[in-house]
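User: I'm new to reading protein models and I'd like a close look at one part of this one. Could you take me through it step by step?

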Amino acid sequence: MTDLDAEFRFSDKGNFVIKRQWFVIAIKHQYQPAHPAIEAFMIATSRTGSLQTL
C-alpha cells in the first residue's frame with residue numbers, strides 16, 4: 001500500500017472516483033497513512049451521497 005501510494009499518490013491526487021476507490025481499499029487494508037486524507041475527503045464530499053461504500 002505504501003509503495004502504491006508513493007508511486008501514484010492516490011491519497012493526494014486524482015479525481016473523485018479514483019480517490020473513493022483507493023480509500024475503500026485503504027480502509028479494508030487498515031492503511032493508517034491514508035486516514036487524514038480519508039477524513040478530509042469525507043468532510044469535503046459528505047453531501048454527495050456517494051460515500052456509502054466507505
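Is Val24 buried or exposed? And once that's settled, please show me how the helix it sits in packs with its neighbour.

Analyst: Happy to, and keep in mind that this is a predicted model. Val24 is buried, because its relative accessible area is 13% and the cut-off for buried is under 20%. You'll find Val24 in helix α2.

Let's step back for a moment to see where that helix belongs. The protein chain has three helices and zero strands, and from the N terminus on its elements run α-α-α. Of its 54 residues, 28% count as buried, and Val24 is one of the buried residues.

Now for the neighbour. Val24 and Ile38 are 14 residues apart in sequence, yet in space their C-alpha atoms are 9.3 Å apart. Two packed helices are described by the angle between their axes and the distance between the axes. Helix α2 covers residues 16-28 and helix α3 covers residues 35-45; their axes come within 11 Å and cross at roughly 135°. That angle is why α2 is called oblique to α3. The crossing of the two is left-handed.

Who does the touching? On the α2 side, the contact is made by Phe16, Lys19, Arg20, Phe23, Ala26 and Ile27. On the α3 side, Ala37, Ile38, Phe41 and Thr45 take part. Sort the residues of this contact by character and you get seven nonpolar, one polar and two charged.

Look at α3 on its own next. Ala37, Ile38, Phe41 and Thr45 are buried there. They sit on the same side of α3, because they cover an arc of only 100° around the axis. There's a handy rule behind this sort of pattern: an α-helix has 3.6 residues a turn, so residues three or four places apart point the same way. The buried residues of α3 pack against α2. Turn to the face that points away from the buried side, and you meet the exposed residues Pro36, Glu39 and Ile43.

What about the loop that joins these two helices? Gln30 is found in the loop between α2 and α3, and its phi is near 50°, a positive value in a residue other than glycine. That's worth a second look, because most residues other than glycine have a negative phi. Gln30 counts as exposed, at 61% relative accessibility. On the other side of α2, the loop between α1 (2-8) and α2 holds Arg9. Arg9 isn't a glycine either, and has a positive phi of about 55°. With 40% relative accessibility, Arg9 counts as partly exposed.

One last visitor to this region is Met1, from the segment before α1. Leaving aside its neighbours within four places in sequence, Met1 is in contact with Trp22, Ile25, Ala26, His29 and Tyr31. You've met Ala26 already, as one of the α2 residues in the contact with α3. Met1 is also 9.6 Å from Ala34, C-alpha to C-alpha, although 33 residues separate the pair in sequence. Met1 counts as partly exposed, at 29% relative accessibility. For the chain as a whole, take the contacts between residues at least 6 apart in sequence: 40% of them join residues at least 24 apart.

Conventions. Residues numbered from 1 in each chain as written. Predicted model: local features only at pLDDT ≥ 70, side-chain atom pairs only at ≥ 80, totals over all residues. Heavy atoms only, no water. Axes fitted to C-alpha atoms, helices over the stretch in contact; angles between N-to-C directions. Helix = DSSP H or I, 4+ residues; strand = E, 2+ residues; numbered from the N terminus. Parallel < 35°, antiparallel > 145°, perpendicular 65-115°, else oblique. Left-handed = near helix turned anticlockwise from the far one by under 90°. Contact = heavy atoms within 4.5 Å. Nonpolar A, V, L, I, M, F, W, Y, C, P; charged D, E, K, R; others polar. Buried < 20%, exposed > 50% of the residue type's maximum accessible area, 1.4 Å probe, protein only. Arc of directions from axis to C-beta.
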